[in-house]
Amino acid sequence: MRIKLAMLLFTVALFVPGLAPAADEEPTIYVIKQGDTLWGLSDRFIKSPRYWPNMWSRNSQITNPHLIYPGQKVRVFPDRLEFEPREQAAPAAQKAAAQADTMAEVAAERIYSVRGSEGFLMETDAKPAGFIVAIHHDRIVAGDDDIVYTDIGKVQGAKGGEKFSVYRKEGTVSHPVTSEIMGAKVIPLGTLQLTDLEQKASRAIITKTYQEISPGSYLMPYRDDKRREVSLKMPTRELKGYIVESYSGTEIIAAGDIVYIDLGSAQGAEAGNMLYIVRDVAFDRKYVEGRIERLPQELLGALVILETGRRTATALVVKSIDAIYKGDKLVSLTK
């Protein structure tokens, strides 16, 4: 129940940023002291310790709610707490403008950018269209405007001028809980355009690069990787899944990291869906003698889905309270 309430408060804060303070409210300023926590501040001033996720989500300067520092100032309103920006607080004459800036900052959190270089899991039933087999002058890497050779030709129906996206395969990804093969992690390297075709081969020019391109790189049908934005969207059905891999491949995942999850369009996941990252709390059952099946889950953070495949998706971690790992659970809060 607690975790659901915390998620609800967090969701309200993100989806309803327009809860503006009344113009005539004058907050009390509280200065953070050693030992203060968001939980304690919420309990002391709002009379509800479970208010803290709301406070966390509405204050973008708090990236980790376990890290608040003595000397930071908090505006205490009857119904909410707001951290003052690190710079000097705006004078009273500029209060309206400052509130407008704050609103714009919160509103911006509802839209997330897709750069086109986040990568994805190429699911097990997907196959590459071809490969780069050589680079002009027998070089081992290629960049913008370099000439390369591919194994795509007229027999595959390719045409001169046709574009392809270039990827690097980074290995097969197994589900951290079920060990099911989820697909291959592929990282975008750039794009190329076919210039001269033979029956089973072609010459091409590199038209864009994110990273160096080398022989053996995958070719897939061209994807428009222009930068675009994804708006937050409430899931229309309950979603439960896991984080199965990260872009960097590192063990510890935090806010700003790209991850891959085991939820896709087949499960009803959509770009813009926000999911909460949670972890079961382990306990020794000898102390409960069957009275309790499980403890409230630990809320670790949140992510937003950027793009979906059929059974997997690419997502951005937008908040992290604690270290996040592959295998941590995902849950949604639906209407």
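# Close-up views of a predicted model

The protein chain has an accessible surface of about 17,400 Å², and carbon and sulfur atoms account for 52% of that. Keep in mind as you look around that this is a predicted model.

**View 1. The whole chain, to get your bearings.** You'll find four helices and 18 strands in the protein chain. The chain runs to 335 residues, and 42% of them are buried. Plenty of the contacts reach across the sequence: of those with a separation of 6 or more, 71% join residues 24 or more positions apart.

**View 2. How sure is the predictor, and where?** Averaged over the protein chain, pLDDT is 81, with 80% of the residues reaching 70 or more. Which elements mark the two ends of the confidence range? Strand β7 (residues 147–150) comes out highest, at 97, and helix α4 (residues 95–108) lowest, at a mean of 41. There are stretches to treat with some care. Over residues 12–23, pLDDT stays under 50, and the model has 26 contacts for them beyond four places in sequence. Residues 95–109 also stay under 50, here with 17 contacts beyond four places in sequence.

**View 3. A three-stranded open sheet with a helix lying across it.** Follow the sheet in the order β1-β2-β3, and you'll see that its three strands pair antiparallel. At the edges sit β1 (28–31) and β3 (81–83), each of which pairs on one side only. Going from one strand to the next, the twist averages 30 degrees. Zoom in on β2 (residues 73–76) and you'll see that this strand pairs with β3 over three bridges, in the antiparallel sense. Here Arg 75 stands opposite Glu 82 of β3. Now add helix α2 (residues 38–46), which lies across β1, β2 and β3 and runs at about 135 degrees to β3.

**View 4. Met 55 and the largest nonpolar core.** Nonpolar side chains tend to be buried together in soluble globular proteins. In this model, the largest nonpolar core has 36 residues. Which residues have the most contacts inside this core? They are Met 55, Leu 81, Tyr 112 and Met 274. Strand β16 (residues 298–308) gives the core its largest share, four residues. Pick out Met 55 and look at what touches it, leaving aside neighbours within four places in sequence: the contacts are Leu 38, Leu 41, Ser 42, Val 74, Leu 81 and Phe 83. There's also a second, separate core, this one of 17 residues, including Ile 243, Leu 275, Leu 300 and Ala 315.

**View 5. Six strands closing into a barrel.** Trace the barrel in the order β13-β14-β17-β16-β15-β18: these six strands form a closed barrel with antiparallel pairing. On average, neighbouring strands here are turned by 45 degrees against each other, direction ignored. Strand β13 (residues 240–246) is a handy place to start, and it is mostly covered, with five of its seven residues buried. What does β13 pair with? One partner is β18 (residues 329–331), joined in the antiparallel sense over three bridges. Look for Tyr 242, whose bridge partner in β18 is Lys 329. Another partner is β14 (residues 258–261), which runs antiparallel to β13 and is joined to it by three bridges. In that pairing, Ser 246 stands opposite Val 259 of β14.

**View 6. Strand β10 and its two antiparallel partners, β7 and β9.** On one hand, β10 pairs with β7 in the antiparallel sense over four bridges. On the other, β10 is joined to β9 by seven bridges, and that pair runs antiparallel too. Arg 203 of β10 is the residue to spot: Tyr 149 stands opposite it, and it is also the bridge partner of Asp 196. β9 and β10 make a hairpin, with four residues between them.

**View 7. Glu 198, up close in the hairpin loop.** Glu 198 lies in the loop between β9 (181–197) and β10 (202–209). Is Glu 198 buried or exposed? Its relative accessible area is 56%, and the cut-off for exposed is over 50%, so Glu 198 counts as exposed. That doesn't leave it without company. Setting aside neighbours within four places in sequence, Glu 198 is in contact with Gly 153 and Lys 154. Gly 153 is 45 residues from Glu 198 along the chain, but 5.5 Å separates their C-alpha atoms.

Terms used: Residues are numbered from 1 along each chain as its sequence is written. Side-chain values use heavy atoms; hydrogens and water are left out. Buried means under 20% relative accessible area, exposed over 50%, partly exposed in between (1.4 Å probe, protein chains only). Contact means heavy atoms within 4.5 Å. Accessible areas come from the Shrake-Rupley method with a 1.4 Å probe; for residues, only the protein chains shown count as cover. Two strands pair if DSSP finds at least two bridges between them. Axes are lines fitted to C-alpha atoms, for helices over the stretch in contact, and angles run from 0 to 180 degrees between N-to-C directions. pLDDT is the predictor's confidence in each residue, from 0 to 100. A nonpolar core is a set of buried Ala, Val, Leu, Ile, Met, Phe, Trp, Tyr and Cys residues joined through side-chain atoms within 4.5 Å.
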